[in-house]
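I wanted to know what empty space is left inside a folded chain. Here are my notes, in the order I looked things up.

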Amino acid sequence: MSDAEWAVVRDVMPVPGWLEGRGGQPESYCHRQMVDAVRYLVAGGTTWRAMPADFPAWDRVYAFFRRWRDKGLTAEFHDRLRDRVRQAAGRDPEPTAGVIDAQSVKAAASVPAVTRGFDGGKKVNGRKRHIVVDTLGLLLAVMVTTASVTDRDAGQTLLARLRERHWRVTRVWADGGCTGRPVDFARDARRIALTVVRRSDDTSGFTVLPKRWLVERTFAWLMHSRRLARDYETRTDTSEAVVKWAMSTVMSRRLARRAR
């Protein structure tokens, strides 16, 4: 990170417990080094053991990543950055609308058979990332499942996660895969108006669909991180954490450019 970007990141990082008098052992490594190391792994797609010598030892970096994942600090860090980006764009920190979609990616050999499946529509053997973004394309919720899980089945769980965290969201746009039960569930159980944006039957080739292009752009941002070109993670919650780290990089760089 540049000094300007680190100034942005430092202001939104969760405060360690030992600094607030809540106990715990002081950390022996600089947070800037740790964040840089995790971002290097996500962006470059390298393995943990191939971490360059410029960074702390790979097992210390992985311990930092794992602790943040398990204690919810990765999500807290990501959400604080998203709030800053929305405020810088003149928006309220809490969104009121979102767009939902899914992306199937191949799984590496390190992914257990129990957490991988085959997506018959995309002809992909691996996992599926289900995400909800706001109207700026910023991530609101993410869920990683086997690729065999349909958008219709995963949509209900993802909307429940969305509602728990973002209670002001009242409208969500989706593709044709979310017709049926998700629409009724969103309306009756979550008080969310789920609007399906359909592709015209007589349209050939690529077309930009209203609202749905926002989430497709977010997937394009995520695919700039080589660690996300394929799913390498043993656990699905690790995959979700990697997605949030990738989006955190996108947002911190945007804020750093605004601060110039």
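How many cavities of 30 Å³ or more does the structure hold? I found two.

**Ground rules.** I am working from a predicted model, where local features need pLDDT of at least 70 and side-chain atom pairs count only at pLDDT 80 or more, while totals for chains, interfaces and linings use all residues. Residues are numbered from 1 along each chain as its sequence is written, and side-chain values use heavy atoms, with hydrogens and water left out.

**Terms.** On a 1 Å grid over the protein atoms alone, a cavity is a set of points where a 1.4 Å probe fits but cannot get out; a pocket is an open set with protein on both sides within 12 Å along at least five of seven lines; lining residues have an atom within 4 Å of a point. Grid points are joined across faces, edges and corners, and a volume is the space filled by probe spheres set on the points.

**Largest cavity.** I read about 50 Å³ of space here. Its lining includes Ile100, His130, Asp151 and Cys178. Strand E1 (97-106) and helix H5 (151-165) are the elements that give two or more residues to this lining. (Helices, H or I with at least four residues, and strands, E with at least two, are DSSP runs numbered from the N terminus.)

**Second largest cavity.** This one has a volume of about 40 Å³. Among its lining residues I noted Arg129, Arg227, Tyr232 and Val242.

**Second largest pocket.** Its volume is about 310 Å³. Of the 16 residues that line this pocket, Ala43, Ser225, Thr249, Val250 and Arg253 are the closest to its centre. H8 gives the largest share of the lining, six residues.

**Helix H3.** Next I checked the length of H3 (residues 58-70): its 13 residues should span 18 Å at 1.5 Å a residue (times one less than the number of residues), and the end C-alpha atoms are 18 Å apart, which agrees.

Which residues of H3 are buried? I listed Val61, Phe64, Phe65, Trp68 and Arg69 (buried means under 20% relative accessible area, exposed over 50%, partly exposed in between, with a 1.4 Å probe and protein chains only). Seen down the axis of H3, these buried residues fall within an arc of 130 degrees (from the directions from the axis to the C-beta atoms), so they line one face of the helix. Helix H2 (31-44), helix H4 (73-88) and helix H8 (236-259) are among what covers them (contact means heavy atoms within 4.5 Å). Just after H3, glycine 72 takes a positive phi of about 75 degrees.
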